[in-house]
Amino acid sequence: MAAPVWVALLRGINVGAHHRVTMAVLKAAVTSVGATEVITHIQSGNLLLGHATADRAALATTLEEALAEACGFPVPVILRTGEELADLVARCPYTGSDWDEDRRRYVAFLPSAPPPELLQRLREADHGGSSLYATPTEVCTSLVPAAKPGYTDVDRFLQVRSTARAWNVVVRLTELATR
């Protein structure tokens, strides 16, 4: 069986004026710990890579340590395989008004499944007209302008540190990871 293509979603890289890091620095850091065929996608901390390990937790820790050393600050890493992203895109949760022009679609990727009661609490909360679709490891939102929850609310509800990507970025990462 071939090694998976890993998609590393980095939290807090190049957001506004904070934690500015070039993609070359990110690429060099992960290559230094055995990552191969590293591809960066846009400046917001998306890496595709191969690695000899199939142990998600060990790889995330290895990457976080290398990135912290290279960047000078902690860089949380959430990993998905190309197959996992392809499955999410194939199950696209957005329907009807979720595709209205004024809506913004995002996926918050969770590092692990939160307790089911917290996930249920998030599903039942008032989202101000926005749609929310939660799986055990992703929260997909179709946001109405100025609606809640935003990224931090997902973190607060689920007591985790997620990282979010726009749906079109998730689709593009899937295309890159599965070719």
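Me: In what order do the 4 strands of the open sheet stand?
Reply: In this predicted model, the 4 strands pair in the antiparallel sense. Strand 6 (131-134) and strand 8 (163-166) are the edge strands, each pairing on one side only. The order of the open sheet is 6-7-5-8.

Me: By how many degrees are neighbouring strands of this sheet turned against each other on average?
Reply: The sheet is open, and its pairing is antiparallel. With direction ignored, the average turn between neighbouring strands is 20°.

Me: Which residue of strand 8 does Phe-109 stand opposite?
Reply: Strand 5 (residues 104-109) pairs with strand 8 in the antiparallel sense, over 4 bridges. In strand 8, the residue opposite Phe-109 is Thr-163.

Me: At about what angle does helix 6 run to strand 8?
Reply: Helix 6 comprises residues 167-177 and lies across both strand 5 and strand 8. Its angle to strand 8 is about 90°.

Me: Are helix 1 and helix 2 parallel or oblique to each other?
Reply: Helix 1 (residues 23-31) packs with helix 2 (residues 56-71), their axes being 9 Å apart. The angle between them is about 135°. Angles over 145 degrees would count as roughly antiparallel; helix 1 and helix 2 are therefore oblique.

Me: How many nonpolar residues has the contact of helix 1 with helix 2?
Reply: Helix 1 passes helix 2 in a right-handed crossing. Helix 1 contributes Val-25, Leu-26, Ala-29 and Val-30, while helix 2 contributes Leu-63, Ala-66, Leu-67, Ala-70 and Cys-71. No polar and no charged residues take part, and the number of nonpolar residues is 9.

Note on methods
Residues numbered from 1 in each chain as written. Predicted model: local features only at pLDDT ≥ 70, side-chain atom pairs only at ≥ 80, totals over all residues. Heavy atoms only, no water. Axes fitted to C-alpha atoms, helices over the stretch in contact; angles between N-to-C directions. Helix = DSSP H or I, 4+ residues; strand = E, 2+ residues; numbered from the N terminus. Parallel < 35°, antiparallel > 145°, perpendicular 65-115°, else oblique. Left-handed = near helix turned anticlockwise from the far one by under 90°. Contact = heavy atoms within 4.5 Å. Nonpolar A, V, L, I, M, F, W, Y, C, P; charged D, E, K, R; others polar. Pairing = 2+ DSSP bridges.
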